[in-house]
Amino acid sequence: TQPYTLPRRYYTSYPLIHPKSYPIMSDNEYNIESADAGASATIPMEAGQIKKGGYIMIKGKPCKVLSISVSKTGKHGHAKCNFLAVDIFTGKKLEDMVPSSHGTTVPVVVRSEWEIIDIGEDDELTLMDEGGDQKTDVNLPGYPENMAQEIRDAWNEGENQVSVTVQAAVGIEQVIAYKKVAE
């Protein structure tokens, strides 16, 4: 007698491969390139949703909105939002006009408190947060012009305890405020 064969409709056009014949990846071949959660530096938002005091990206720079004026256009046009804003890192005023129903980008701005441990020769700061984590990639601010010297004077070569506020957006970090901590 002949061995039993499957009817023709059960045959596939591709060969069956035994699972054990697949290559197995070892632990040392498994590599994760980045450790972030995929968070973006900006988020999309409809221009009409942005409010005074909020943030907006203008010409690739993160800005704080000073004023918004909405102009109604003709019969079939869009209402336009005219944004007057100031760059959060340089203080320069920028202006942008966007139709209110169109999308624009808003920077994700994060502020954090740090204590000054040391101020280096080239204005680089060594900072420490409440958890004991240290940060060395921030310099004294260039804007406003006199703030860097005010921070140096308040710190007084380590005699006084000074706390700084670091603002971060779109990959840039800068000291925006300081205060002397009472002993």
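At 25% relative accessibility, Arg152 is classed as partly exposed. In this predicted model, Arg152 is engaged in a salt bridge with Asp123, and the closest N and O atoms of the pair are 2.7 Å apart. The two partners belong to distant parts of the chain, with Asp123 in the loop between S7 and S8, Arg152 in helix H1, and a separation of 29 residues. Asp123 is likewise assigned to the partly exposed class, because its relative accessible area is 30% and that class covers the range between the 20% limit for buried residues and the 50% limit for exposed ones. The loop that holds Asp123 runs between strand S7 (110-119) and strand S8 (124-128). The backbone at Asp123 is also notable for its phi, which is positive at about 65° although the residue is not a glycine.

A positive phi in a residue other than glycine is also found at Lys59, where the angle is near 55°. Lys59 is placed in the loop between strand S2 (55-58) and strand S3 (61-71). With a relative accessibility of 66%, Lys59 is exposed, whereas Asp123 is partly exposed at 30%. A further backbone feature is the cis peptide bond between Tyr143 and Pro144, for which omega is about -10°. Pro144 is located in the loop that leads from strand S9 (134-139) to helix H1 (147-155).

The overall fold comprises one helix and 11 strands. Read from the N terminus, the order of elements is β-β-β-β-β-β-β-β-β-α-β-β. The protein contains 183 residues, of which 28% are buried. Of the contacts between residues at least 6 apart in sequence, 49% connect residues at least 24 apart. The exposed surface of the protein amounts to about 13200 Å², and carbon and sulfur atoms account for 52% of this area.

Four salt bridges are found in the structure as a whole. Besides the pair formed by Asp123 and Arg152, they include two that involve Lys135. In one of these, the side chain of Lys135 meets that of Asp137 at an N to O distance of 3.8 Å. The pair qualifies as a salt bridge because the cut-off between a side-chain nitrogen and a carboxyl oxygen is 4 Å. In the other, Lys135 meets the side chain of Glu173, with an N to O distance of 3.0 Å. This second pair links distant parts of the chain, since Lys135 is in strand S9 and Glu173 is in strand S11 (residues 172-181), 38 residues apart. Through the shared partner, Lys135, Asp137 and Glu173 are joined into one network.

The members of this network fall into three accessibility classes. Lys135 is buried, at 12% relative accessibility. Asp137 is exposed, with a relative accessible area of 55%. Glu173 is partly exposed, with a value of 32%.

Thr165 is part of strand S10, which spans residues 161-169. Its relative accessible area is 12%, so Thr165 is counted as buried, the limit for that class being under 20%. A polar contact of 2.6 Å connects the side chain of Thr165 with the side chain of Glu113. When residues up to four places away in sequence are set aside, Thr165 touches Arg111, Ser112, Glu113, Gln174, Val175, Ile176 and Ala177. Among these neighbours, Glu113 is thus both a residue in contact with Thr165 and the partner in its side-chain polar contact.

At the surface, Ile43, Val108 and Val110 make a nonpolar patch of about 220 Å². Ile43 belongs to strand S1, which covers residues 42-46. Ile43 is partly exposed, with a relative accessible area of 39%. This value meets the accessibility requirement for patch residues because the threshold is set at over 30%.

Terms used. Residues numbered from 1 in each chain as written. Predicted model: local features only at pLDDT ≥ 70, side-chain atom pairs only at ≥ 80, totals over all residues. Heavy atoms only, no water. Patch = residues over 30% accessible without salt bridge, like charges linked within 9 Å, V, L, I, M, F, W, Y side chains within 5 Å. Areas by Shrake-Rupley, 256 points an atom, 1.4 Å probe, with all protein chains shown as cover. Helix = DSSP H or I, 4+ residues; strand = E, 2+ residues; numbered from the N terminus. Buried < 20%, exposed > 50% of the residue type's maximum accessible area, 1.4 Å probe, protein only. Polar contact = N/O pair within 3.5 Å; in protein donor to acceptor, adjacent residues only side chain to side chain. Contact = heavy atoms within 4.5 Å.
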